Amino acid sequence: RLQDWRVFLRRTRARDMSNPDHQGECEWVLSRKEAYISLLDPVDYPPDAIEPQDEELTLVHELMHLHFAPFWTDKGEDDPERIAMEQAIELTAQALVRLKRNGE
């Protein structure tokens, strides 16, 4: 359950992210149910990006990682299992944010 987690949120410059192309990152310690979520500082968001920065969507996406944490694989970004989980997280995050914004 998400409410069992202690979540620490911080705004982070792109140069301090593990991947400067990410809009957010989540690091967790499963045994302590602690998570550290970094959101990209708006000053570093590319002005020519196709979509505007959406911190709410990014935060929901990163929080969703906590539900998948027990199943997460460190095999690499090209691992099919990891790609499937990342896609499921993104689609679920988009749906939740859309429902909230539409007042449902």
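## Asp41 and its loop

Asp41 sits in the loop that runs between strand 3 (34-40) and helix 1 (55-68). This is a predicted model, so read the distances here as coming from predicted coordinates. The side chain of Asp41 reaches back to the main chain of its own loop region: the backbone nitrogen of Val43 is 3.0 Å away from it.

Setting aside anything within four places in sequence, Asp41 touches Arg11, Thr12, Arg13 and Gln53. Arg10 is worth a look too: it is 31 residues from Asp41 along the chain, yet the two C-alpha atoms are separated by 9.1 Å.

## Thr12, one of the partners

One of those Asp41 contacts, Thr12, belongs to strand 1 (residues 6-12). Is Thr12 buried or exposed? Its relative accessibility is 9%, and since buried means under 20%, Thr12 counts as buried.

The side chain of Thr12 also makes a polar contact with the side chain of Ser38, at 3.3 Å. With neighbours within four places in sequence left out, Thr12 has Met17, Ser38, Leu39, Leu40 and Asp41 as its contacts. So Ser38 turns up both in the contact list of Thr12 and as its side-chain polar partner.

## The largest pocket

Now for the open space. The largest pocket comes out at about 880 Å³, with 28 residues lining it. Which of them lie nearest its centre? That would be His22, Gly24, His61, Glu62 and Glu86.

Strand 2 (24-29), helix 1 and helix 2 (80-101) are the elements that each give two or more residues to this lining. In terms of chemistry, the lining splits into 8 nonpolar, 9 polar and 11 charged residues.

## The chain as a whole

Zooming out, the protein chain has 2 helices and 3 strands, and going along the sequence they come in the order β-β-β-α-α. The radius of gyration is 14 Å, close to the 13 Å that the globule rule gives for 104 residues, so the chain is as compact as a globular protein of that length. If you're thinking about box dimensions, the C-alpha trace spans about 40 × 35 × 30 Å along its principal axes.

Buried residues make up 30% of the 104 in the chain. As for how the chain connects to itself, take the contacts with a separation of 6 or more: 59% of them are between residues 24 or more positions apart. The contact between Thr12 and Asp41 is an example of strand 1 meeting the loop after strand 3.

Methods. Residues are numbered from 1 along each chain as its sequence is written. This is a predicted model: local features need pLDDT of at least 70, side-chain atom pairs count only at pLDDT 80 or more; totals for chains, interfaces and linings use all residues. Side-chain values use heavy atoms; hydrogens and water are left out. Helices (H or I, at least four residues) and strands (E, at least two) are DSSP runs, numbered from the N terminus. Contact means heavy atoms within 4.5 Å. A polar contact is a pair of N or O atoms within 3.5 Å; within protein, one must be able to donate a hydrogen and the other to accept it, and residues adjacent in sequence count only if both atoms are side-chain atoms. On a 1 Å grid over the protein atoms alone, a cavity is a set of points where a 1.4 Å probe fits but cannot get out, and a pocket is an open set with protein on both sides within 12 Å along at least five of seven lines; lining residues have an atom within 4 Å of a point. Grid points are joined across faces, edges and corners, and a volume is the space filled by probe spheres set on the points. Ala, Val, Leu, Ile, Met, Phe, Trp, Tyr, Cys and Pro count as nonpolar, Asp, Glu, Lys and Arg as charged, and the others, Gly among them, as polar. Buried means under 20% relative accessible area, exposed over 50%, partly exposed in between (1.4 Å probe, protein chains only). The radius of gyration is taken over C-alpha atoms; the globule rule is 2.2 Å times the number of residues to the power 0.38.
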